[in-house]
Structures are given as C-alpha cells and as structure tokens.
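Colleague: I have a new model open. Walk me through how to read it, feature by feature.

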Amino acid sequence: MPGPAPDERMRPKGRRNTQGIRVDPEAEVTHEPRQAVLSALVKHRPGVLSEVSALFSRRQFNIESLTVGPTVDEDTARMTILIEEPEPGIDQAKKQLRKLVPVISVRELEGEAVRRELALVKVSGEKPDDVNAVADMYDGQAVDASTDSVTVEITGSKQKIDAAIEAFKQFDVQEIVRTGAAALERGPKTLEKDV
C-alpha cells in the first residue's frame, strides 16, 4: 500500500495505554459523588414503588432514602428520593425515572429546598425526666412511656436528628426508626406535569 512507513506516520499527542491505544482524558475523568434530592410525581397505583426501586437496583444507583406519600390529587403520589452519585449518575437517574410509564414528572430540588425527616427513638425509661429534658432540647416530644422505655418523636433536618440520637445514647437507645427525607421547593414553585 502506498503511504508513509509506520514510524513516519503522524501520531496524535496524549497518553497511551499498554497496547499503544490513545486514552481520551475526558473518558478518564472521575467525578466526585454528591447528594441529590429527586422529587417525582407518580401515578398513585400498586407496583409503582417496586418499578422505581427495580430501576435504581438495575442501574446500581445508591438510594440513601426514599419516601412516598399521597398528594392533593388522589390519583398521584409524590416520591422524594435522596441519592448519592457522581454527576453523570444523577443525570442518568433523572432520565431513567422519566422513562417509566407511571412517572409524571421528575425534578432535582435545589440545595435550599425545605427538607425534613421524622425519627422515633426508644430509650430506657429509668430517667424519664432526663429523657424529656433532652427531647425538649431538640423540640421533640414523648409519644409513648412505660416503666421500661420512653419513645420520643423528633422532626427536623438530618443534622438535627443525628445530633438528637447522639444525645439520647446516654439513656441506652433500644430502637430507632427514621423516615428519610421529605422535601419541597421553597417559594411558589410546584412539581407539575413535564410538558
């Protein structure tokens, strides 16, 4: 064949792998994971939660928390999904969610969105007055009490819940249940149908 010999050919600059193939620097970029709150409006029907969780499982997205509840329209429910992924994974999660038939709308909420979590903490009932004092510090309230245990309800940010649980450890924490994040945009914006 006519043309220059192999050592006379132009070679593009850049790093090459062990086989001599040029490596694209963009393909090697590693993105730091970040937390994202995805809010999805879905059809309120059986099996929707299963479809969404199966999607995240197939794509190996890491779900930090997932909450679901009815909305003002009885035919729709709202999902708040907290994920921690690198930037391309977050975009991919939003695209894949939009493809599901029961999903009406998907939006990533801004960092200043209102986020709240509920926790129920059951501790030893030996010092109920001290437990109530700690609960008051975190705007919590006792919702159940017996001679053996006290259950306290706390609502607030993740940081507030974490701090309260740490404070309750002095009373021998017996059980904890947390709802995960529920979130809404601040101001007049609402999650509506994607057009």
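**Reading the fold**

Modeller: Start with the order of elements. From the N terminus, the protein runs α-β-α-β-β-α-β-β-α-β-β-α-β-β. That comes to five helices and nine strands. Keep in mind that this is a predicted model.

Colleague: What radius of gyration does the protein have, and what would a compact globule of 195 residues have?

Modeller: The globule would be near 16 Å, but the protein has 25 Å. Along the principal axes, the C-alpha atoms fill a box of roughly 95 × 40 × 30 Å.

Colleague: How much of the protein is buried?

Modeller: Buried residues are 34% of the 195. The exposed area is about 12800 Å², with 50% of it from carbon and sulfur atoms.

Colleague: And cores?

Modeller: The general idea first. In soluble globular proteins, nonpolar side chains tend to be buried together. Here the largest nonpolar core has 19 residues. Those with the most contacts inside it are Val42, Val52, Phe56, Met79, Ile81, Ile83 and Leu97. Two or more residues each come from β1 (33-43), α2 (48-58), β3 (76-86), α3 (87-99) and β4 (103-109). A second, separate core has 16 residues, including Val131, Val134, Ile161 and Ala167.

Colleague: Which residues does Ile81 touch, leaving out those up to four places away in sequence?

Modeller: Among them are Ala36, Val37, Leu38, Val52, Phe56 and Leu97. Ile63, Ser65 and Leu66 also touch Ile81.

Colleague: What share of contacts between residues at least 6 apart joins residues at least 24 apart?

Modeller: In this protein, 71%.

Colleague: How far apart are the mean positions of the positive and negative charges?

Modeller: They are 10 Å apart, for 28 positive and 34 negative charges.

Notes:
Residues numbered from 1 in each chain as written. Predicted model: local features only at pLDDT ≥ 70, side-chain atom pairs only at ≥ 80, totals over all residues. Heavy atoms only, no water. Helix = DSSP H or I, 4+ residues; strand = E, 2+ residues; numbered from the N terminus. Rg over C-alpha atoms; globule rule 2.2 N^0.38 Å. Buried < 20%, exposed > 50% of the residue type's maximum accessible area, 1.4 Å probe, protein only. Contact = heavy atoms within 4.5 Å. Areas by Shrake-Rupley, 256 points an atom, 1.4 Å probe, with all protein chains shown as cover. Lys, Arg positive; Asp, Glu negative; His and termini not counted. Charge placed at Lys NZ, Arg CZ, Asp CG, Glu CD. Core = buried A, V, L, I, M, F, W, Y, C linked by side-chain atoms within 4.5 Å.
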